[in-house]
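Let's take a walk through a protein structure together. Keep the sequence and the 3D view side by side as you read.

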Amino acid sequence: MRNILRVSIEKIREINHRYSKPRIRMSRGVRFALLMLRLYLIFLVLILAYKFATMTVLK
Amino acid sequence: MNFVSLLYYKYRRFAKMLSIFAMILGPGIIVMVADNDAGGITTYAVTGAKFGYGFIWIMFLLLPVAYVCQEMTVRLGAVTKRGHAEAIFDAFGSFWGWFSLTDLTLTDWLTTVTEFIGMTAALSIFNIPPPLTVIGAIILIMAMVMSGRYWTWEKIVLVFCVLNLIYIPAAILVNPPVLAILREGVIPGFPFGLNNLVFFFLMANIGTTIAPWMIFFQQSAIVDKGLREKDIRWERMDTAIGSCFTIVVGVFIIIVTGTLLRGVNIESAAEAAVLLMPINKYVGTFMAIGLFDAGLLGAVCISLTSSWAFGEVFGWAHSLNQKIGQAPWFFIFRLVIVVAAGTVVLIPGAPLILITLFVQVIAVTLLPAALTFLVLLLNQEDLVGRYKNTLLQNILASVIVGAIIILSTLYGVSALFPELFK
């Protein structure tokens, strides 16, 4: 198990290194906007999860 | 004689075009029809029962939306010859890559759970116990890829896609009132007002027509099939036909339940099938068979999407043109997804119906992020050359992204403050 974990972590590091220089250079503003969009969508999903949880409890 | 020669020439030309198209077709039709998965069938069935024909006009609006999103994927896959996950990592770096991959894997797994929910519910109607359905479905899903040839897998899946059209004869059998359908379904409007429930079903119906996994699936399928730039126009046709199929099936399901179960409080397509059996046993049976087929198609395609994505990023062999021994991790990963998804369905007391509907809404909520990356990639001339997005395509895509964000926000607000929309 430890060996699998170690190999996986090494693989992830290798992938991060391989893709460390993105082809598309985004400005800070675009990167910020993308991050805010992602976080906002995740926030909406959390609201959905809350609604789902309350409906499950009510049932 | 000249006329006969001309006619023969035109016939030969048409036959040749048809044979080329027959070779190319597949990814577009499969992704669109598989999008009418178990969750989708449930969404349409419940929509018809709750709102009658009132949502049909929305379905027609979703046809070009689905086409626009998937057509971009066609160009990106055929030109770059890389899967979408790999394209995101390469273009945007590992931070955004992992974000997208995690999103995709989570929603894919949840959606695969809903496929097994649909399959077990459908076969329970014929007294087949859920554990048997789960085991049988897993065996069938894995067996379909054993040939080690993408073409064989594709042809098998296309047969299941044709079976998905079973809702059309079902709708004809219910003798729907055509004038009422035209009056209520074709003229846009919200006779039930705009409230939390309507937003939820709007989101669910959109989510069942376009979803993030479709972008990843079609791009990877195009790469695995070996389509090239010169095949783009045929693949566009394939995608357009698939879009029509998906919307037509959705509309016909709404017609079935909107005609026979209007006002009846149903929570799933399986429940609709059970209630339809005594009214018309053929309609009920078609509904159940269609639900199983939809679940199977969805499970086949969505599990493959994640396997392809992980294979592209982790550098495993990841082609359907390879056998298990040549691409072990590709098949093992897929097996883990389907087994884990099938197991959830067997948990006693799990809120399966709620999971089915909510997963559709979650998928569409996360769609803007996937579409934004797709549009950004298609604006890179050094990546896609002359297949770069035109201004119109960018505007259409932006409108779609904006509309989904607004709808998601409205639903979120209505979920937290329902009294605002009474």
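**From a loop to the core**

Start in chain B, where B:N127 sits in the loop between α6 (94-124) and α7 (130-143). Helices here are DSSP runs of H or I with at least four residues, strands are runs of E with at least two, and both are numbered from the N terminus. Before going further, note that this is a predicted model: local features need pLDDT of at least 70, side-chain atom pairs count only at pLDDT 80 or more, and totals for chains, interfaces and linings use all residues. Residues are numbered from 1 along each chain as its sequence is written, while chains are lettered from A and ligands numbered from 1 in the order in which they are written.

Back in the loop, B:N127 has a phi near 65 degrees, a positive value in a residue other than glycine. B:N127 counts as exposed because it has 6 C-beta neighbours inside 10 Å. The cut-offs work like this: a residue is buried if 20 or more other C-beta atoms lie within 10 Å of its own, exposed if 12 or fewer, and partly exposed in between, with C-beta atoms placed from the backbone.

Now look at B:N175, in the loop between α9 (167-173) and α10 (178-186) of chain B. B:N175 is not a glycine either, yet its phi is positive, at about 50 degrees. With 10 C-beta neighbours inside 10 Å, B:N175 counts as exposed.

Next, go inside. The largest nonpolar core has 150 residues, and B:V256, B:M287, B:L291 and B:L297 have the most contacts inside it. Such a core is a set of buried Ala, Val, Leu, Ile, Met, Phe, Trp, Tyr and Cys residues joined through C-beta atoms within 7 Å. Helix α15 (residues 281-314) of chain B gives this core its largest share, 19 residues.

Finally, see where the chains meet: 21 residues of chain A are in contact with 27 residues of chain B, contact being C-beta atoms, placed from the backbone, within 7 Å. On the chain A side, the largest share, 12 residues, comes from α2(A). One residue to find in helix α2 (residues 28-58) of chain A is A:V45. Is A:V45 buried or exposed? A:V45 is buried, because 21 other C-beta atoms lie within 10 Å. Leaving aside neighbours within four places in sequence, A:V45 is in contact with B:I362, B:T365 and B:L366. By contrast, α1(A) is hardly covered, with zero buried residues among its 17.

Methods:
Two residues are in contact if their C-beta atoms, placed from the backbone, lie within 7 Å.
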